[in-house]
Amino acid sequence: MLFDTHAHYDDPAFDADRDTLLSSLPESGVELVLDPGCDVKSSRAAVSLAERYPFVYAAVGLHPEECGGCGEAELLEIERLAGSPRVAAIGEIGLDYHWEENPPREVQQEIFRRQLALAERLDLPVIVHDRDAHGDSLAIVREFLRVRGVFHCYSGSAEMAQELLKRGWYLGFDGPVTYKNARRAQETAAVTPPERILLETDSPYLSPVPNRGKRNDSRNLVHIARTLAQWKNMDPEELARIAAENGRRLFRIGENI
């Protein structure tokens, strides 16, 4: 049982074989996929894919790298899209201070807050992108006590992870856990109970070893599960089963799909 809780199948990298690949996932053991939008266009595309494939669900949101120039019109469209029964979360939202050309920090923070408020109003979980913005990301989610979700591809400290876990959040683990420099990820995994782990690929990005450098897809979840299971001294299939149940619980996806 595999649930890829973060895969961008709306990305142009899949234009050549998207339908063939998606159709093959269930026979490869991937039972569920969550496709998060990054702007209005990709959010619409994610909803469209979720409407076509019964095992695909969508999230809708404005990514911090894409939020420059966004205002009421974009936020209203995200809210409209969130009304679809195929939408399970608001995301991918958050903060990204890595690139100088990204929107100004105050703009990112405002759009982040507005979308957390939307999630609170709609009673939906969130998918948070946090890159080189750990302190501000944590400070802002602290403002929204009723909002829960996942810190996607978690890259903060073990101490920050412990606070998020105490607050009821989940942590996403992706391909980088298989890389040689994954010390911080291993420290985070050590303090994260299996019941708070989500498995993600971030396809088409972040392919795990042994496929690093190639286009990623949900079938690579097995490599991420194997590494985490080794760290947690668990059977990989059992860890994958628990992680899938965690995803169903967080995103409120029932057994009958």
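These legends go with an overall picture and several close-up views of a predicted model.

**Figure 1. The whole chain, before we zoom in.** The protein chain carries nine helices and eight strands. Its C-alpha atoms fit a box of roughly 45 × 40 × 35 Å along the principal axes. The radius of gyration is 17 Å, which agrees with the value near 18 Å for a compact globule of 257 residues. Buried residues account for 57% of the chain. If you count contacts with a separation of 6 or more, 70% of them link residues 24 or more positions apart. On the outside, the chain exposes about 11300 Å², with carbon and sulfur atoms supplying 47% of that. As for charge, there are 30 positive and 42 negative ones, and their mean positions sit 3 Å apart.

**Figure 2. Helix H2 and the elements it packs against.** H2 runs over residues 40–52 and spans 19 Å from first C-alpha to last, close to the expected 18 Å. Its buried residues are Val-40, Ser-42, Ser-43, Ala-46, Val-47, Leu-49 and Ala-50. They pack against a mixed set of partners: helices H1 (18–24) and H3 (72–81), plus strands S2 (30–36), S3 (56–60) and S4 (87–96).

**Figure 3. Helix H4, with Leu-116 in the frame.** H4 has 18 residues and reaches 26 Å end to end between C-alpha atoms, close to the 26 Å expected. Among its buried residues are Gln-108, Gln-109, Ile-111 and Phe-112. The buried residues of H4 pack against H3, S4, strand S5 (126–131) and helix H5 (134–142). Leu-116 belongs to this helix, and it counts as buried because its relative accessible area is 0%, where the cut-off is under 20%. Setting aside neighbours within four places in sequence, Leu-116 touches Ile-93, Val-126, Ile-140, Val-141, Phe-144 and Val-147. For a sense of scale, the C-alpha of Leu-116 is 33 Å from that of Arg-212, a residue 96 positions away along the chain. Just after H4, look for Asp-123, which has a positive phi of about 60°.

**Figure 4. His-98 and Asp-132, two loop residues in contact.** His-98 sits in the loop between S4 and H4 (105–122), while Asp-132 is in the loop between S5 and H5. Beyond its neighbours within four places in sequence, His-98 contacts Arg-131 and Asp-132. His-98 is partly exposed at 33% relative accessibility, and Asp-132 is also partly exposed, at 45%. Asp-132 has a positive phi near 55°. Arg-113 is 15 residues from His-98 in sequence, and their C-alpha atoms are 19 Å apart.

**Figure 5. Two cis peptide bonds.** Most peptide bonds are trans, so cis ones are worth a look. One joins Gly-91 to Glu-92, with omega about 20°. Glu-92 is part of strand S4. Another runs from Ser-203 to Pro-204, with omega near 10°. Pro-204 lies in the loop between strand S8 (197–199) and helix H8 (221–232).

**Figure 6. Asp-202 in the loop between S8 and H8.** Most residues other than glycine have a negative phi. Asp-202 has a positive one, near 60°. Is this loop residue buried or exposed? Asp-202 counts as buried, because its relative accessibility is 9% and the cut-off is under 20%.

Definitions and conventions: Residues numbered from 1 in each chain as written. Predicted model: local features only at pLDDT ≥ 70, side-chain atom pairs only at ≥ 80, totals over all residues. Heavy atoms only, no water. Helix = DSSP H or I, 4+ residues; strand = E, 2+ residues; numbered from the N terminus. Rg over C-alpha atoms; globule rule 2.2 N^0.38 Å. Buried < 20%, exposed > 50% of the residue type's maximum accessible area, 1.4 Å probe, protein only. Contact = heavy atoms within 4.5 Å. Areas by Shrake-Rupley, 256 points an atom, 1.4 Å probe, with all protein chains shown as cover. Lys, Arg positive; Asp, Glu negative; His and termini not counted. Charge placed at Lys NZ, Arg CZ, Asp CG, Glu CD. Expected span 1.5 Å × (residues − 1).
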